[in-house]
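Let's take a walk through a protein model, one strand at a time. Have the sequence and the 3D view open as you read.

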Amino acid sequence: IKAVLQRGVDVTDTGVVFRPGERVDDVQIVLSNRLSIVTGSVAADAGSPAKDYVVVVFADDPNRWGPESRHIGSAQPDQRGQFEVKGLPPGNYLALAVEYLEEGQDRDPEFLQEMRPSATSFALGEGERTALSLKIVRRD
């Protein structure tokens with residue numbers, strides 16, 4: 001989904017409230033076949049490829065953080081040690097790699113704010129493929 005418009009206003013991230021008996025009209029769903037993909041690898045302290053980690057990719061804008069945000073993605077490495085996050089909307093993002101995450105921590109605004117200074121910044125366009133080289137971020 002690229003956008004959901006109601007009466008010309010983008011409600012993709014804000015949603016629409018449907019009330020009983022209310023007529024809902026002038027809604028458009030805009031689709032795209034251009035899937036964005038963020039790929040890459042992660043290095044351990046010594047510079048060798050890391051094999052066990054979690055990557056979190058999140059919007060640079062804190063207003064886009066939350067439990068149901070489509071502007072946050074996470075991934076673990078595949079057999080080759082590479083990660084892949086698909087389907088993020090275009091925008092400015094931050095990415096970081098950590099050794100582990102607690103359940104739901106990748107969508108916790110406090111955690112994201114704490115890790116923000118250690119994250120790598122990048123821009124992602126519609127249908128764009130972006131490759132990143134990250135290092136494990138140590139947490140105290």
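Start at Ala3, whose bridge partner in E3 is Val30. Before going further, a word on what you're looking at: this is a predicted model, where local features need pLDDT of at least 70, side-chain atom pairs count only at pLDDT 80 or more, and totals for chains, interfaces and linings use all residues. Residues are numbered from 1 along each chain as its sequence is written, and side-chain values use heavy atoms, with hydrogens and water left out. The labels are easy to read too: helices (H or I, at least four residues) and strands (E, at least two) are DSSP runs, numbered from the N terminus.

Next door to that first pair, Val4 has Ile29 as its bridge partner in E3. In total, four bridges join strand E1 (residues 3-6) to E3, and the two run antiparallel. Two strands count as paired if DSSP finds at least two bridges between them. E1 also pairs with E2, again in the antiparallel sense, over two bridges; here Leu5 is matched with Asp10. Put together, you get an open sheet of three strands in the order E2-E1-E3. Its edge strands are E2 (9-10) and E3 (27-30), each pairing on one side only.

Which way do the side chains of E1 point? Ala3 and Leu5 go one way, Val4 and Gln6 go the other, and all are buried (under 20% relative accessible area, while exposed means over 50% and partly exposed lies in between, using a 1.4 Å probe and protein chains only).

Now look at the turns. Most residues other than glycine have a negative phi. E1 and E2 form a hairpin with two residues between them, and Arg7 in that turn has a positive phi of about 55°. Arg7 is exposed, with a relative accessible area of 52%. Asp26 also has a positive phi, near 55°, and is found in the loop between E2 and E3. At 46% relative accessibility, Asp26 counts as partly exposed.

Let's move along to E10. It pairs with E4 in the parallel sense over seven bridges, and Ile37 stands opposite Arg129. In a regular strand the side chains alternate between the two faces of the sheet. Along E10, Thr130, Leu132 and Leu134 point to one face and are buried, while Arg129, Ala131, Ser133 and Lys135 point to the other and are not.

What about the inside? In soluble globular proteins, nonpolar side chains tend to be buried together. A nonpolar core is a set of buried Ala, Val, Leu, Ile, Met, Phe, Trp, Tyr and Cys residues joined through side-chain atoms within 4.5 Å. The largest one here has 32 residues, and Val38, Val42, Val57, Phe58 and Phe83 touch the most other members. Among the elements that give two or more residues to this core are strand E4 (37-43), strand E5 (54-59) and helix H1 (109-115). Zoom in on Val57: leaving out residues up to four places away in sequence, its contacts include Val38, Ile72, Val85 and Phe122, a contact being heavy atoms within 4.5 Å.
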